[in-house]
Each structure stands twice: as structure tokens, then as C-alpha cells.
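Work through the exercises below with the model open. Try each task before reading its solution.

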Amino acid sequence: MKKIGILTRDCAGINAAIRSVVRTACVYNLETVGIFRGYEGLIKGDLKVLNRRSVSGIINLGGTILKTARCEEFLTEQGQLKAVKTIKENNIEGLIIIGGNGSLSGAHFLAAKYKIPAIGIAATIDNDVNGIDLTLGADTAVNVALDALDKIRDTVNSLERIFVVEVMGRRSGWIALQVALSGGCEEVLLPEKDFDIMKMCEEIKQGNIKGKLSWIIVVAEGKAKAGDIADRITQITGLETRIAVLGHIQRGGRPTRVDRIIAARLGKLAVELLRRGETDKCVGLKELKTVVVPLEEAIKPKKINIDNYYKLIKILT
Ligand code: F6P
């Protein structure tokens, strides 16, 4: 294998993953071609060779240096054939596709139907890729939302108000759930779960009688609009309710330490899988469980495996 291509969606950590892919590829004398604007760039042949220096100084940047776009044409056979033509004409022997379910479906399609070696890197703020515990970008998104929510809490506490905060997630309540738990919120409305607004309003009324006046209710955008929920609360309880819609700030921003490390590890793994002749696979992180350890074990000196991270630092520098 001499040449691979990389295309992406956007979320925090993707640039760090591009860096990891390109620099790992360099170690194996593989050329990496950046494909601009996702599948649209693959169809149009919008490509640029990336080298070690092309990915300097991007580890801490949100978004994607490769740009991205929704591409209806790739959903058609004609579009797919154009994409395959670009791949063949440019001697691209394998693809690394970084994104969520849409991007990964495209990767699967290219691998299964057109026999183009393709590896996906699970990257979406929604953390809704099956088989993966934590997708790239999800940690940053939650931290951005949490930071905003903490600021809202200041005014909630000071003014003793009810606030409905809308977070992203059209089909997934993951951000909402994480933010509600880590932000100490009173209620969370999720696309995956039925919700009884009368019951919540009754709790608010009862709380109000007992002197609990501050409430933060988190709602995932796919469940309801913050404004509609706030209006209903006011109608039912008679209490003033404010809203905040956090929107796309959650998909941007500086990637967290967690996302940068996921990016470094998965970028390298994806290149290595392609080199080994693997295809039609998705890489991600799994197993973030709680454990119970006897105290006797816990107080023994801990052996930390520094080798893997140390090697990765050297490969990616
Ligand atoms: O899939 C990620 C996501 O950010 C969802 O949480 C959100 O509903 C959707 O994308 C928004 O997409 P767009 O930016 O195209 O409106």
C-alpha cells in the first residue's frame, strides 16, 4: 500500500485525528491524500496531498481542516461511481473516513459494494455509534455544554429561577444525559424516553411550596424545543421559566484532552488496519466501566504502562 485517502465530518478532535493518520502514515512511507468537503470532494476529485507539516499546529483546533459538506449525490449510484472513479484514478488504495453514522454508512458502502478498502473512525458529538462506548468529539461537546450550563446555573441560583436548557442530539439523548448528570440538573428530556410533563410540573409546584425554587431542565433537541417546554411549564405552574438553546457551540471548540488522546490512538489504529489489509471496520473506544477492587489491592503500588503513550508521542511528533 502506497497511498491512502482521508475524509471527515466535523466535530472537535477531528483535526487531531487527521494529524495522527497523516503522521502514522509517514512512518510507514504511505502518502496521505486529504479529500475536501467529505463525499462531495471524493465525487469532484477535490484532493490535496498532506504531509507531516500540513498537519502542524492543528491538534488543538476544532472543526476540520479538510472542510465538510452534506452530499446528496453520494446517495445515488451515479455519485458513488464518480467517487470510485476518483479513488481509482488517483491510485488511492484505502480510505479512512472520520464521522458519525452517515459517514460510516458511506464507508461501509464503499467497502462492501465497491470493494474499496475503508476504515471508519467513530466521530460524533451524539455518541451514537453502535459497539463504541465513546466517540471522538463527544467528550468535548459535553464539556462545552456543561461549561455553558454552569454559567446558567449561576443565574438560576441567584435569581431562583426555572430554566430549560436545550442541547444537541436529534436522535440521541447522550449529551443531554451527560450534562444533566454532571451539571446536577433536576430533569432531563430524551428522544429515547417518554416524558410526563404534568408529573414534572407537579414536582416543581411541590418543590416551590417547600422553598425549592431553582430548577434546570435539560432537553435534547430531538425531543422538544426548549421554548415549548418552558411555555407549558409556565401555563401549568404559573411560574416564570427561562430558556437557553446552546446549539452548534457544542460541535466546535478546542478538543479536550480525552478527545485528543482518542484521536491519536484511533488515527494510528486506522492506518495500521488498512496496512494489514483490513476493511469495512470501524474503530472506537470501548469499556468505560465502574469496577470494585479490594482495598488491599488498591493500596499496592500501581504499575502504569507508559510505553504505548510514549511510543505514540514519538510517532506523532
Ligand atoms: O449528528 C450530530 C448533530 O450535531 C446532532 O446532534 C444534530 O442534531 C445535528 O448534527 C445537526 O446537524 P446540522 O448541523 O446539519 O444541523
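The exercises cover a sheet, one of its strands, an aromatic pair, two backbone outliers and a pocket, all in a predicted model.

**Exercise 1. The open sheet**

Task: Give the strand order of the open sheet of four strands, and find which strands stand at its edges.

Solution:
- Step 1. Read the order across the sheet. It is β7-β8-β6-β9, with parallel pairing.
- Step 2. Look for strands with a single partner. These are β7 (187–189) and β9 (241–245), so each has one side without a neighbour in the sheet.
- Step 3. Check the twist. Ignoring direction, neighbouring strands are turned by 20 degrees against each other on average.

**Exercise 2. Strand β6 and its surroundings**

Task: Describe how β6 pairs with β8 and β9. Then decide whether its residues are buried or exposed.

Solution:
- Step 1. Count the bridges to β8. Strand β6 (residues 162–167) runs parallel to β8 (residues 215–220), and six bridges join them.
- Step 2. Do likewise for β9. Here β6 pairs over five bridges, again in the parallel sense.
- Step 3. Place individual residues. Val165 is opposite Val218 in β8. Glu166 faces Val219 in β8, and its bridge partner in β9 is Val245.
- Step 4. Sort the side chains by direction. Ile162, Val164 and Glu166 point one way; Phe163, Val165 and Val167 point the other way.
- Step 5. Judge the burial. Six of the six residues of β6 are buried, which makes the strand mostly covered.
- Step 6. Add the helix. α5 lies across β6, β8 and β9, and runs at about 170 degrees to β6.

**Exercise 3. The aromatic pair**

Task: Find the aromatic pair in the structure. Classify its geometry and say which parts it ties together.

Solution:
- Step 1. Search the whole structure. One aromatic pair turns up.
- Step 2. Take distance and angle. The ring centres of Tyr39 and Phe74 are 4.2 Å apart, and the planes meet at 20 degrees. Planes under 30 degrees apart count as stacked, so this pair is stacked.
- Step 3. Locate both partners. Tyr39 belongs to helix α2 (residues 38–44), while Phe74 is in the loop between β3 (47–50) and α3 (77–89). The pair therefore ties together parts that are 35 residues apart in sequence.
- Step 4. Check the accessibility. Tyr39 is buried at 9%, and Phe74 is buried at 5%.

**Exercise 4. Two positive phi values**

Task: Set Asn29 beside Asn127. Where does each lie, and is each buried or exposed?

Solution:
- Step 1. Recall the background. Most residues other than glycine have a negative phi.
- Step 2. Read the angles. Phi is about 55 degrees in Asn29 and near 50 degrees in Asn127.
- Step 3. Find the loops. Asn29 sits between α1 (14–27) and β2 (31–35). Asn127 sits between β5 (118–122) and α5 (138–159).
- Step 4. Turn to accessibility. Asn29 is exposed, with a relative accessible area of 70%, whereas Asn127 is buried, with 10%.

**Exercise 5. The largest pocket**

Task: State the volume of the largest pocket, and find which element gives the largest share of its lining.

Solution:
- Step 1. Take the volume. It is about 970 Å³.
- Step 2. Inspect the lining. It has 39 residues; nearest the centre lie Arg9, Arg70, Gly102, Ser103 and Arg171.
- Step 3. Assign elements. Two or more lining residues come from each of β1 (3–8), α2, α4 (101–114) and β6.
- Step 4. Pick the main contributor. α4 supplies the largest share, six residues.

Methods:
Residues are numbered from 1 along each chain as its sequence is written. This is a predicted model: local features need pLDDT of at least 70, side-chain atom pairs count only at pLDDT 80 or more; totals for chains, interfaces and linings use all residues. Side-chain values use heavy atoms; hydrogens and water are left out. Buried means under 20% relative accessible area, exposed over 50%, partly exposed in between (1.4 Å probe, protein chains only). Rings of Phe, Tyr and Trp (its six-membered ring) pair if their centres lie within 6.5 Å; planes under 30 degrees apart count as stacked, over 60 as edge-to-face and the rest as tilted. Two strands pair if DSSP finds at least two bridges between them. Axes are lines fitted to C-alpha atoms, for helices over the stretch in contact, and angles run from 0 to 180 degrees between N-to-C directions. Contact means heavy atoms within 4.5 Å. On a 1 Å grid over the protein atoms alone, a cavity is a set of points where a 1.4 Å probe fits but cannot get out, and a pocket is an open set with protein on both sides within 12 Å along at least five of seven lines; lining residues have an atom within 4 Å of a point. Grid points are joined across faces, edges and corners, and a volume is the space filled by probe spheres set on the points.
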